[in-house]
Amino acid sequence: TGDSIPNLLFYQVEKVPKAPSSYSFQCPVFFPQMLTYILSFLTLSDQKEASLVSRAWYCAAQNALRETNVQYNIPVSSASLPAIKSLGLRGVTCVSLTNLDDSPASHEVLECVAYHLGPHLQSLCLSGGSPSEAAFVALILGCPALRILDLSGCNSLFTSGMLLAQPETAQRVQQVLSGLCELNLAGLWDLTDLSFNRLSSCAPSLERLSLAYCHLTFELGPAWGSLGPQDSSPSQLSFHNLLRFVKERAGRLHALDLSGTGLLPEALQALGQVAGLQLQELSLHGCQDLSTEAVAALCRLQSGLISLDLGGCSGLADGALVAISRGLGHLQCLSLRKLQRLTDAGCTALGGLQELQSLDLAECCLVSGWGLAQALGSGHRAPAPVASLSLAYCASLKDASVLSLISVLSPSLRVLDLSSCVALTNRTLQAICAYLTHLSVLRLAWCKELRDWGLLGLGEPSEEPTQEPQLHQELEHQASGPKEPPQPQGPSLLMLRALQELDLTACSKLTDASLAKVLRFPQLRQLSLSLLPALTDKGLVAVAKGCPSLEDLVLSHCSLLSDEGWAQAASSWPRLRHLNLSSCSQLTEQTLDTIGQACKQLRMLDVSMCPGISMAAIRHFQAQLPQVACIQSRFVGGADLTLTL
């Protein structure tokens, strides 16, 4: 199983509805172990749906969930107590507590978690909570098997500086956390040397540490790392104290996140030089003072890195990428987001990273794709097995360079983000549909040149103005014609059968003529069609029938959608959990009623700036679906924005 729990899925704790009594079909009978094995191949939401078939299927689905790395999100309230006891009986190992504070109700929930879940709990997330020190210690003492602890944003624990100050308490906590491998302390403004040392000393087996966005202080000088624990500051978190910790734990520490700490070049080199340190993962996102020379030194000293995040390190240029390619031959994940000085010349060095699986070059405004295509297509070896590629906001990207890039991308590519590459046209889209048929995530937001004929796989129409009305009529005829679509002349979006996420936000030239035809993806989970002014009820209903598994749907600023369209579409989306309808000006409270009756799993709804929906209707909707945790309702009911602002 490894030392950590990777690839967590998330499961919101909720009451499981009973299967309707009208179900009259005969459920197939399987041995419990066989059924559990079959259900383990389904996605999390599909397992939840399968659990409604019968009691046997429900038990098998719970067994499958228990055997998967699923994190259960538990709202901290008295209503969650029965669910916590039930999860304890099932031996759940990963939980996240939300809305945690210092109230009596929170104390009761923490006691319940410690008693029912604590003995077998391996991963605990308290991110953003405000528990008291005493309640936190009591909870931890009840979790002897803990391997992952997330305290990011829990500033209340460190404000006084007295957490684990009592030696007896610290000793008991150390016995419990002896197997802790991962500790997240990101965003703790009040973390100091003294409180960090007390907590880290209780986790002798620590392998992964995050101090992202903590206020780290630097005092230049030869004494870095030579100071002892007695020099720990009670008022600040210093780099020399962190360096001392890294030296002590060099043999075990494999992953470090210092994003947003303002790490200096000298500090990075000092970290890389620590004897015995063999980092595998390092995140330095937003450390703007880092230099190319410091990164080059790091690559020489820590050649075993498999994951490196240098996004937002604005001082880096092509030389840093050359050093990475030469020194980190086993690198699998690389993020260079927001490196404004990076050019195609630097990207050509990526050919040396033969094991690269994930590459993020978003917001690198000088990258046109030519250098990357040259790197991946160079040499006699097979291209790197890149599974995820982001070139979002690369304004220099053009069709020709993307076509060259697509031709050399490995068939293993699953995630492609070309958002806000505004110069791309249907040529790029049809190349994606022809060659990258295994994609599960495709983001094309703000690619405004995409048109209906590109999605449909039709030939490019004549550019003569007199032909435009005829073309539109032909597309409309196809969209409203027989159920079996005609054979396209080229690759259409329908070829991407494995899609689970699609973003067409602000592709403003798309209409019902194409959307109604090609949005037929039974596995699609997330879809964004915001800012499509030509999307009507007709297209909405067609999308609902073609994509019945949607869980996240964004339709903001679609001003032609009406109550009639939602009356027909809502019943096709029983799995919807997040729905954004902001600035849909024709919707009224009738749509809220329709959604409330059809979408019982909804957790988040945004109806901001919908003039036809009143606050009274929103309150009624909240009473109808109390499990909806968040309703955004800014400026509803036709509020005058000029006066409000």
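**A walk from helix H20 to a loop**

Let's start inside: the buried residues of helix H20 pack against helix H19 (512-518), strand S19 (526-528) and helix H21 (563-569). Keep in mind as you look around that this is a predicted model.

Which residues of H20 are the buried ones? They are Asp 537, Gly 539, Leu 540, Val 541, Val 543, Ala 544 and Gly 546. The helix covers residues 537-546, and because seven of its ten residues are buried, H20 is largely enclosed by the rest of the structure. To count as buried, a residue needs a relative accessible area under 20%.

Now zoom out to the whole chain. There are 645 residues here, and 52% of them count as buried. The secondary structure adds up to 24 helices and 23 strands. If you take the contacts with a separation of 6 or more, 79% of them join residues 24 or more positions apart. As for the outside, the chain exposes about 27,900 Å², with carbon and sulfur atoms supplying 54% of that area.

For our last stop, find Gln 278, in the loop between helix H10 (265-272) and strand S11 (281-283). Is Gln 278 buried or exposed? Its relative accessible area is 60%, so Gln 278 is exposed, given that the cut-off for exposed is over 50%. Gln 278 still has partners, though: leaving aside neighbours within four places in sequence, it is in contact with Ala 250, Leu 253, His 254 and Gln 302. You can also check its distance to Ala 255: the two residues are 23 apart along the chain, and their C-alpha atoms are separated by 9.1 Å.

Notes:
Residues numbered from 1 in each chain as written. Predicted model: local features only at pLDDT ≥ 70, side-chain atom pairs only at ≥ 80, totals over all residues. Heavy atoms only, no water. Buried < 20%, exposed > 50% of the residue type's maximum accessible area, 1.4 Å probe, protein only. Helix = DSSP H or I, 4+ residues; strand = E, 2+ residues; numbered from the N terminus. Contact = heavy atoms within 4.5 Å. Areas by Shrake-Rupley, 256 points an atom, 1.4 Å probe, with all protein chains shown as cover.
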